[in-house]
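Q: Could you take a close look at the ligand and its surroundings for me? I'd like to know what lies around it and where those residues come from.

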Amino acid sequence: MELVENFINGQYVSSDSSAFIDIYEPATGDIYGKFKDSNANDIDHAVRSAKNAFPDWSGLSIRERAVHLNNIANGIEQRLDEFAEFESRDTGKPIALARSLDIPRSVLNFKFFADHAMQFEFNFNLNSESSQNLINRSPLGVVACISPWNLPLYLFTWKIAPALITGNTVIAKPSELTPYTAYLLGGVCREKGLPPGVLNIVNGRGDTCGELLVKHEDVKAISFTGGTATGKLISKSASKTFKKLSLEMGGKNPAIIFDDCDYDSMLDNIVRSSFSNQGQICLCSSRLLIEQTIYEKFKKDLTLKVLELVIGDPSKIETQFGSVCSEGHLQKVLNYIALAKKEGGKVIAGGKIVELEGRCSNGWFIEPTLVEDLGPSSRVNQEEIFGPVVTLQPFDSEADAIEHANNTDYGLSATVWTEDIEKGKRVAKRIDAGVIWINCWLLRDLRTPFGGMKNSGLGREGGDDALKFFTEAKNICVPA
Ligand code: NAD
């Protein structure tokens, strides 16, 4: 039985909490490890360590901090296979995805921010006839990063890297469902000589350990990615101490498919955007809006493609579709499929638990599922499922497609499929979402703003936005 410990002040330390949390391998349903649900003493310890480390760390130059970030990136890269194996074990995602997406992107997060911060103006002058202004951006102090289970190390490091490069010291909490690669990251930081206290990693439940972090008066900012309901709770708790907040939350992302698209490329990408990571990426398409003229053909072709997906043991390299992340999540997805039927929907592919033989016979697998005949205001078309369930809805005109796409409280991402790029851009401008991809999906330039509108987010991550979030602007003014 593995024991996952907190990483505080440069060392793995045991919590004095008496509450243990089991860690499951979702592909087998087995418990492989446990950790303690960190309590107020642990959080105080982490905050003290981060506060002690702050003067020296924030006193380094960007270039010096960038060396540390690059060293951490190299440390993960050197152990890429090991990180990928454990990411797949914690989440049930195919090992091929962990190797090609999760871990390389975690490496890139550190490398990108190390490089990007070098080009960012932390100090600049704005002079006029009457005044000379020196604008300076300085770190906030101790900040907290809270991340979810779907892309564990990828999203964890996406927050930690900009927080560190800007000179903050960090307390980071991974999801209680997927703590392992965050645990390994602590070891990499120690091996690579990151000064003690600069990055502290605490484990625990959201409503215990997470909330203690959010309420702590010495924590100056919270960068959170997770569900919208949690974002609301955090927002309420954090307002008492006026913390800076960045909230990346849920989505119900539309894909608008016009009949003039590059059909084969669209079809392959729709399978990817709907079912990568078993549909558990916040950016996954969950509402497919299809121009009426190609609806029947698309439905038939998509069904065939979905049936071809190789579902199986995530540790096998040929697996394309693994398990969902937890038993609770499996039940949630099944409940939505039952609701879809109750609401008058027709399941045209999938919809059932997958029974596998051998090692994964007790794992939490569910078929990739397609549903049609549901109205735009049905609960299944309104609420985030965050699993392998997508709906198909026909549309008649550009205006109709835009109206359908915007008919939700969420506004994270969207895709538009058309060979008429002008039309694509025209439609994109009218969609209420933070990221809109035309003829592609998950194509990321890390300099671009990333985040959601409406109930999907507050603030933006990525590039300059992240560097601004983790710093405070100060204007020093003298008469000209
Ligand atoms: P979640 O909200 O349950 O948990 C996310 C993190 O918040 C976990 O570390 C959890 O322990 C912590 N947490 C929970 N309650 C808390 C509280 N009261 N105070 C402080 N921390 C608390 O989300 P999840 O189930 O882990 O992740 C799935 C959700 O994340 C989906 O809604 C998905 O869309 C969203 N997500 C969004 C993005 C994005 O970029 N917008 C990316 C990935 C996932």
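A: Let's start with some vocabulary: helices (H or I, at least four residues) and strands (E, at least two) are DSSP runs, numbered from the N terminus. This is a predicted model, where local features need pLDDT of at least 70, side-chain atom pairs count only at pLDDT 80 or more, and totals for chains, interfaces and linings use all residues. Residues are numbered from 1 along each chain as its sequence is written, and side-chain values use heavy atoms, with hydrogens and water left out.

Now to the shell around the ligand. α7 gives the largest share of that shell, 4 residues. α7 (206-215), β11 (219-225) and α8 (228-239) each chip in at least two. Zooming out, domain 1 (2-249 + 456-479) and domain 2 (253-445) each provide at least three shell residues; those bounds come from an automatic or database domain assignment.

Who's in the shell? There are 28 residues around the ligand, and K173, E176, T230, M249 and E384 come nearest (a residue is near if one of its heavy atoms lies within 4 Å). By type, the shell splits into 13 nonpolar, 10 polar and 5 charged (Ala, Val, Leu, Ile, Met, Phe, Trp, Tyr, Cys and Pro count as nonpolar, Asp, Glu, Lys and Arg as charged, the others, Gly among them, as polar).

Some pairs are polar contacts (N or O atoms within 3.5 Å). A ligand oxygen is 2.5 Å from an N or O atom in the side chain of E384. Backbone polar atoms join in too: one of S147 is 2.8 Å from a ligand oxygen, and one of G226 is 3.3 Å from a ligand oxygen.

How values were computed: Polar contact = N/O pair within 3.5 Å; in protein donor to acceptor, adjacent residues only side chain to side chain.
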